[in-house]
Amino acid sequence: MSKTDPFAERAARRSGGTAVGLPGQQNTGLPGVPTSVSNGQPVVFAQGRPAKMITLADLPDPEETPEATGDLSAEEEAILALCMQGVKQFENAWWVMGKSLANINGRRLYRKTHATFEEFAKEVFDKSRPTAYEEMTSYRIGELLSARADKAFEEDSNDVSARADITIGKKAAGALNTVTKDYGPEVSVAVHETIKDATGRELPVRELKGVIKRLPRKKDEELSQEELTARARELASQAPTAGPNSAPSALDGIREAVSQLESAHRALAPAKVKQAMEEDPVETARLLTEAKSSAEQALNRAARN
C-alpha cells in the first residue's frame, strides 16, 4: 500500500480539494516523506535519521495495570522500547521542523508550489512569517545539543560537552535567538548553560527573555564569549527568584510590551502592508489606523515617565 502525501492532502484541504500550483509549472504537488535505499530496501527518514517513523497505529492503546509489579515481561519491554522511540522522535521534532523550513527558504524550494516562502509557510504549515523565521534560527541550538549528546553517548567521550541536565524547548531556544544571530549556536548554548548554573534552575521562558533582552546586541557592544557569559551570569544572579505561580513583575511586563512592539514593527514591513492592501484595502486601512493610534498612545505614556 502506498503512503499518502500529508503535505499534498493539507494543501488540497486548504484550497478546497485541489492542490493549486503556480502557472506554467508541472507536477506542483508537494513530495511525500523522502526515502533512500539500503541493501535494496527503502529506508524512511524519521526526524532526519534513517529510522521507522512512529505513528499512532504503531502504539497499543494505553491500559491501566495497577497490579503490575516486578520485572517487565518481554511484551512490556517491547512496548517500552517503542514508546521511548516515539518520545525521542517527537522530542526532536521542533528543531527538525526549523531546519526543514530553513532549507525550503534558503534553497527557494517553495517555488515549486508558491510564489513566496511566506505564502508557503502560511498555507502549508499555518505558520506566520515571524514564527517561521524564529524557528529557522532557533533550530540550530536544538540540533547542536542533540548532536553533542548523541556523540557523547556513542563515544563515551569526556571531550564533548554534553550535559544531561541541559535540555531546551522551542520557546526557550527562541528566547536566545538574538544571541544565536549575533554569535552563533555554540555561544548561545554557553549562555543558556551559564544562566541555569547562576540561578540553579531552568528559568521560565518569560524570565529567560528578561535576562537575554538585557544583554547588549553585537552591533552595540561586541563581546567575547567569556565576557558575554559573565554578563549573563551577573544578570541572571540579579533576577528575583519567582515561584511557579507568581505574577510577573512590572519590569517583566514592560519587557514583554517592548517585545510585542518589536514584533509588531517586523510584522508591519512595507512588503507585508502592500500585500495586505492588495488583499483587502479597506480592512488593512482600518487596522493600520488602529495600529497608529495604539502606537501613539504607547509613545505618549512612555514620554510621561
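This report describes the overall make-up of a predicted model, then one of its helices, a loop histidine and a set of salt bridges.

**Overall make-up**

The protein chain contains 13 helices and 3 strands, and of its 305 residues 29% are buried. Among the contacts in the protein chain with a separation of 6 or more, 65% are accounted for by residues 24 or more positions apart. The accessible surface of the protein chain comes to about 20300 Å², and carbon and sulfur atoms hold 54% of that surface.

**Helix α8**

Helix α8 takes in residues 185–199, 15 residues in total, and the distance from its first C-alpha to its last is 21 Å, close to the 21 Å expected at 1.5 Å a residue. This helix is mostly covered, with 11 of its 15 residues buried. The buried residues of α8 include the apolar V187, V189, A190, V191 and I195, and they also include S188, H192, E193, T194 and K196. After α8 comes G200, which has a positive phi, near 75°.

**A histidine between two helices**

H114 is found in the loop that runs between α3 (93–106) and α4 (117–125). Is this residue, H114, buried or exposed? H114 has a relative accessible area of 7%, and because the cut-off for buried is under 20%, H114 counts as buried. The side chain of H114 also makes a polar contact, at 2.7 Å, with the side chain of T113.

**Salt bridges**

Side chains of opposite charge can pair when their charged atoms come close. A search of the whole structure finds 10 salt bridges, and three of them are set out in the table, each with the distance between the closest N and O atoms.

| Residue | Partner | Closest N and O atoms |
|---|---|---|
| E135 | K170 | 3.1 Å |
| E202 | K196 | 3.3 Å |
| R286 | E290 | 3.1 Å |

In the salt bridge between E135 and K170, whose closest N and O atoms are 3.1 Å apart, E135 belongs to helix α5 (residues 129–155) and K170 to helix α6 (residues 170–175), so the pair ties together parts that are 35 residues apart in sequence. The two partners are covered to differing degrees: E135 counts as buried at 3% relative accessibility, whereas K170, at 34% relative accessibility, counts as partly exposed. E135 and K170 are also linked with K127 in a network of salt bridges.

The salt bridge between E202 and K196 leads back to helix α8, since K196 is among the buried residues of that helix. The relative accessible area of K196 is 17%, and K196 is therefore buried under the 20% cut-off, while its partner E202 counts as partly exposed at 36% relative accessibility.

Where do R286 and E290 lie? Both residues are in helix α13 (residues 281–303), where they are 4 residues apart, about one turn of the helix. R286 is partly exposed, with a relative accessible area of 43%, and E290 likewise counts as partly exposed, at 45% relative accessibility.

Technical notes
Residues numbered from 1 in each chain as written. Predicted model: local features only at pLDDT ≥ 70, side-chain atom pairs only at ≥ 80, totals over all residues. Heavy atoms only, no water. Buried < 20%, exposed > 50% of the residue type's maximum accessible area, 1.4 Å probe, protein only. Polar contact = N/O pair within 3.5 Å; in protein donor to acceptor, adjacent residues only side chain to side chain. Expected span 1.5 Å × (residues − 1). Contact = heavy atoms within 4.5 Å. Areas by Shrake-Rupley, 256 points an atom, 1.4 Å probe, with all protein chains shown as cover. Salt bridge = Lys/Arg side-chain N within 4 Å of Asp/Glu carboxyl O.
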